[in-house]
Amino acid sequence: MALPLGIVLGLLAWFIVRYIAFSFYTVDQNERAVKTIFGRAERLPGPPVEDPFAEYMRPEERERYRYPQLRVIPPGGPYFKWPWERIYKVSIATQTINMALDLEDPRANHGGTLLEAVTKDQLNVGLRGQIRYRVSERHLYAYLFGVKNPVVHVMGYFISILRERIANFAAPATDTGQLSMTAGDGADVSGVSINDLRKNLRDLNELMDRECLSSAARYGIILDASLITEIDAPPEVEAAMAAINTAHNQVSSDISLAQAAADQKIVQSKRAVEIETLKAQAEVEPLLALAEQLRALKSNGGPDVLQAYLRNVRLGLYQQAERVIMEVEQ
């Protein structure tokens, strides 16, 4: 009887340790957890809520990526689970990854150091940069159960969009409808795709952020930012671009000097016009004041007062004159 009793007690002890003591778990501050019961994820009650990220997808894709909302276990504990339940923990901390890294083939993209793309004028360029991403707490079903390896999927999605945008990227036009041309440090010539990309690198990063907003609904990963830091051209193209940039900088310098000289002449002309205007006003003001005084004198002194005024003025002129020529009637 001792042997069967020992076996039963041993199995009971193993069951208590395996399924009772180890059934308590905790969730860290930077983690979220999801529970499955007999393989089915525990979901929120009620009808499904419209996903705010669905507006960034095409209409035919919205039904395909309509995932259920799961009950998320917040940080804390200890929590308890039954043997038929399983806990999936996910870190929601922001992570950074090299955009050229291929998680399935580390040898691809020059060992994960340089991502190649083709511009609109058929130039092969190399891209360097990073991607910041984090798991979306709202879309844990897509991250855990929607795809097998969501990071690989979202990296491929990002790279495909990036290559498509670079192949069709053009410098933004100014208010006049012409491409902007500003002198700079050798990367400012408009109309050359690599220069356009380098000059508008910030716009390209912001464009990628907007284009990848649907990644949360697709794969459960939010792309916080794309940080494209460097765009390399082929060596034979760099020499040609250096010559183009030198010529452009010379032309820009000549245009700036001519514009400065023209602006200076315009300012001088304006000042000359202002001076002549002030001189004319200085000559007109005494005449206007004299006319006003004569009008007041005529209105207050009677009809003969102007004749007396003219006589006095004429006498004053005679006193100042050295010679007077008078007409004598025959």
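These are my notebook entries on cavities, a helix, aromatic rings and a few single residues in this structure.

**Entry 1: the model**

I am working from a predicted model, and I kept that in mind throughout.

**Entry 2: cavities**

I started with enclosed space. Rolling a probe the size of a water molecule over the atoms shows where empty space is left. How many cavities of 30 Å³ or more does a search of the whole structure find? I got two.

I took the largest cavity first, and its volume came out at about 50 Å³. Its lining is made up of Asp51, Tyr65, Tyr67, Pro68, Gln69, Arg138, His139, Tyr141, Ala142 and Ala217. I sorted that lining by class and got six nonpolar, two polar and two charged residues.

The second largest cavity holds about 40 Å³. I listed Ile97, Ile131, Tyr133, Val151, Val154, Met155, Phe158, Ile221 and Leu223 around the second largest cavity. By class that lining has nine nonpolar residues, with no polar and no charged ones.

Which elements supply at least two residues each to the lining of the second largest cavity? I noted β9 (124-135), α5 (150-167) and β10 (221-232). The biggest share is from α5, which puts in four residues.

**Entry 3: the open pocket**

I then looked at pockets. The largest pocket has a volume of about 150 Å³. I counted 13 lining residues, and those nearest its centre are Val49, Asp51, Ala54, Tyr65 and Arg66. The class split for this pocket is seven nonpolar, one polar and five charged. Asp51 and Tyr65 had already turned up in the lining of the largest cavity, so to speak twice in my notes.

**Entry 4: helix α5**I went back to α5 for its geometry. The helix has 18 residues and spans 26 Å from its first C-alpha to its last, close to the 26 Å expected at 1.5 Å a residue.

Which residues of α5 are buried? My list reads Pro150, Val151, Val152, Val154, Met155, Tyr157, Phe158, Ile159, Ile161, Leu162 and Ile166. For reading such a list, I recall that an α-helix has 3.6 residues a turn, so residues three or four places apart point the same way.

I picked out Phe158, which sits in helix α5. Phe158 counts as buried because its relative accessibility is 1%, with the cut-off at under 20%. I also checked a distant partner: Ser215 is 57 residues from Phe158 in sequence, yet their C-alpha atoms are 8.7 Å apart in space.

**Entry 5: the nonpolar core**

The largest nonpolar core has 33 residues, and I found that Leu127, Phe158 and Leu162 touch the most other members. At least two residues of this core come from each of β8 (115-118), β9, α5, α6 (193-199), α7 (201-211) and β10. Again α5 gives the most, this time with nine residues.

**Entry 6: aromatic rings**

A pair of aromatic rings is described by the distance of the centres and the angle of the planes. My count came to eleven aromatic pairs. I wrote down Tyr157 with Tyr219 as an edge-to-face pair, at 5.9 Å centre to centre and 65 degrees between the planes. This pair links distant parts of the chain, with Tyr157 in helix α5 and Tyr219 in helix α8 (residues 215-219), 62 residues apart. I found both tyrosines, Tyr157 and Tyr219, buried.

I also noted one aromatic cluster, formed by Phe24, Phe38, Phe80, Trp82 and Trp84.

**Entry 7: positive phi**

Phe38 made me look at backbone angles. Its phi is near 55 degrees, a positive value in a residue other than glycine. I placed Phe38 in the loop between β2 (31-37) and β3 (40-41). Is Phe38 buried or exposed? Phe38 counts as exposed because its relative accessibility is 67%, and the line is drawn at over 50%.

Asn109 also has a positive phi, about 55 degrees, although it is not a glycine. I found Asn109 in helix α3 (residues 108-112). With a relative accessible area of 21%, Asn109 is partly exposed.

**Entry 8: Ile73**

My last stop was Ile73, in strand β4 (residues 72-73). At 3% relative accessibility, Ile73 counts as buried. I checked Ile73 against Thr26: the two are 47 residues apart along the chain, and 9.8 Å separates their C-alpha atoms.

Key:
Residues are numbered from 1 along each chain as its sequence is written. This is a predicted model: local features need pLDDT of at least 70, side-chain atom pairs count only at pLDDT 80 or more; totals for chains, interfaces and linings use all residues. Side-chain values use heavy atoms; hydrogens and water are left out. On a 1 Å grid over the protein atoms alone, a cavity is a set of points where a 1.4 Å probe fits but cannot get out, and a pocket is an open set with protein on both sides within 12 Å along at least five of seven lines; lining residues have an atom within 4 Å of a point. Grid points are joined across faces, edges and corners, and a volume is the space filled by probe spheres set on the points. Ala, Val, Leu, Ile, Met, Phe, Trp, Tyr, Cys and Pro count as nonpolar, Asp, Glu, Lys and Arg as charged, and the others, Gly among them, as polar. The expected span of a helix is 1.5 Å times one less than its number of residues. Buried means under 20% relative accessible area, exposed over 50%, partly exposed in between (1.4 Å probe, protein chains only). Rings of Phe, Tyr and Trp (its six-membered ring) pair if their centres lie within 6.5 Å; planes under 30 degrees apart count as stacked, over 60 as edge-to-face and the rest as tilted. A nonpolar core is a set of buried Ala, Val, Leu, Ile, Met, Phe, Trp, Tyr and Cys residues joined through side-chain atoms within 4.5 Å.
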